[in-house]
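Me: I would like to learn how to read the features of a fold from its coordinates. Can we go through one structure together?

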Amino acid sequence: MPDQCIVKRARLLDIIHALGMQAATLPIVIIVCVRVLQQQRKFLALRWAAVMFQAYYRGLVERRKYNAIIYGRKCEWAAVIIHKYYLGWKVRRENRKKLRSVAGPILIRAARRWLRRHFLLHLRNNLPSSSPTCQEWPPCSPLFSDASRLLKAMHHEWRCSSYRHTMEDNPRKKAIFLEKLVASKTFSGRKACYMASVGKPFRGDVLNLTDDKRWLTIATAMNDPLVVWSDTVMKIHRSSGTSAPKTLAITSKAFIVLDPKTMKATYRVSLLNLQAISCSSLKDNLVVFHVKSDGASDTSKKGDFIFQAPRVIELMTKVKRVAQDIQRAAFTVNISNQTVFIARGQEVQLNFKPAPQALDAPMCKRAGSKMEVLV
């Protein structure tokens, strides 16, 4: 406020000097300016009050019109219902003497038997698909809602049982659904991008490394030919948060990081040394591989690995299953927006935060002992 007053005083003095006014007329000019300002403020306040009053008044008028229309429609609906009840009462009064006391219960029992038969026949002719994922079910009368609900549960249980029996003759299909079951138990309701992966089959070796001669040379040297999962990923540097494209292969014994051009193995970590994996609950595709530090190999000294994978749910599911088979113990998958990873013997706090605006890919920034990921 003091700065504004100084600016206004300077402007007033500039106007006085520009007009060449004398000092005697200065108070008159000031009084005139003050009164003009007061009248302007009064006029603006009155105009605002008039506009608000008109707005409220017009809104009141329109609401009254709307309420009158609604009331008229309700009256019409009530008149129709009352007329129907009156006609029914009139017919019943005229025909009451013609019906015997036993005719009513007999007709009711016959009607109920007919309705039950019609319900069951309609249900038999309109059963939904035998697929367990089908959610359709024929509608029915409220009279049979409980029976329909029970029959729906029994039919779904029968469909699931039949589908499980068909998978016993197909071990490959059974293994696929076992992996989907592991993913559901691990990520359902905990990872935002899980639902998008439910309807997509796990593809495993996308890069088809088993047909690559360069990979066969590496696999033969390491005595680890079976590829469980492979794809091109972005490896996040632990020191700066920048990324570089790499080829990640998950085998039956280890995970291997390769150069995508030369197919030379940069890192190989046995799954026996994989302590856990971590990810956030947000809709990102980052995963942290926590490696046990044995103090001997250069790989363990460098610390944990951070990857940005295109099929992160499939990757973590396959790593969990293979690691459990090798370690013969429960494997830990941490799902939290705050975790800790090791970078050259130093603990770094990794925080996942929603970005203020949509990003094409997660943005990683490291400052000291903290790394922030904007999703």
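Reply: We can; keep in mind that this is a predicted model. Start at a turn: β11 and β12 form a hairpin, with two residues between the strands. Gly-368 in that turn has a positive phi of about 70 degrees.

Me: In what sense do β11 and β12 run, and how many bridges join them?

Reply: The sense comes from the bridges. Strand β11 (residues 363-367) runs antiparallel to β12, and five bridges join the two. One pair to look at is Arg-366, which stands opposite Met-371 in β12.

Me: Which strand runs parallel to β12?

Reply: That is β10 (residues 346-353), joined to β12 (residues 370-374) by five bridges. Here Asn-351 is the residue opposite Glu-372 in β12.

Me: How do I read the order of strands in the eight-stranded sheet?

Reply: Follow the pairing from neighbour to neighbour, not the numbering. The order is β4-β3-β2-β1-β7-β6-β5-β8, the sheet is open and the pairing is mixed. At the edges are β4 (265-270) and β8 (332-335), each of which pairs on one side only. From one strand to the next, the twist averages 30 degrees.

Me: What packs on this sheet, and at what angles?

Reply: Look for helices in contact with the strands. Helix α7 (residues 213-222) packs on the sheet and touches β1, β2, β3 (254-258) and β4. The direction of α7 makes about 140 degrees with that of β3. Helix α9 (residues 312-327) also packs on the sheet, touching β1, β2, β5 (274-279), β6 (286-291) and β8. The direction of α9 makes about 20 degrees with that of β6.

Me: How are β1 and β2 paired?

Reply: Strands β1 (residues 227-236) and β2 (residues 243-251) are antiparallel, with nine bridges between them. Within this pairing, Ser-230 has Ala-249 in β2 as its bridge partner.

Me: Where does Ser-239 lie, and is Ser-239 buried or exposed?

Reply: Find the element first, then the accessible area. Ser-239 sits in the loop between β1 and β2. Ser-239 counts as exposed because its relative accessible area is 60%, and the cut-off for exposed is over 50%. Sequence distance is a separate matter: Ser-239 and Ala-343 are 104 residues apart in sequence, yet 7.2 Å apart in space, C-alpha to C-alpha.

Me: How do I judge the length of a helix, and which residues of α9 are buried?

Reply: Compare the end-to-end reach with the expected span. With 16 residues, α9 reaches 22 Å from its first C-alpha to its last, close to the 22 Å expected at 1.5 Å a residue. The buried residues of α9 include Val-312, Glu-314, Leu-315, Lys-318 and Val-322. Just after α9, Arg-328 takes a positive phi of about 55 degrees.

Me: What do the buried residues of α4 pack against?

Reply: They pack against α3 (103-125) and α5 (171-187). The buried residues in question are Ser-148, His-155, Arg-159 and Met-167. Helix α4 (residues 145-167) has 23 residues and reaches 33 Å, close to the 33 Å expected at 1.5 Å a residue.

Me: What do the overall numbers say about the chain?

Reply: Begin with the elements: the protein chain has nine helices and 12 strands. Then compare its radius of gyration, 38 Å, with the value near 21 Å for a compact globule of 375 residues. The C-alpha trace spans about 105 × 100 × 30 Å along its principal axes. Of the 375 residues, 29% are buried.

Conventions: Residues are numbered from 1 along each chain as its sequence is written. This is a predicted model: local features need pLDDT of at least 70, side-chain atom pairs count only at pLDDT 80 or more; totals for chains, interfaces and linings use all residues. Side-chain values use heavy atoms; hydrogens and water are left out. Two strands pair if DSSP finds at least two bridges between them. Helices (H or I, at least four residues) and strands (E, at least two) are DSSP runs, numbered from the N terminus. Axes are lines fitted to C-alpha atoms, for helices over the stretch in contact, and angles run from 0 to 180 degrees between N-to-C directions. Contact means heavy atoms within 4.5 Å. The expected span of a helix is 1.5 Å times one less than its number of residues. Buried means under 20% relative accessible area, exposed over 50%, partly exposed in between (1.4 Å probe, protein chains only). The radius of gyration is taken over C-alpha atoms; the globule rule is 2.2 Å times the number of residues to the power 0.38.
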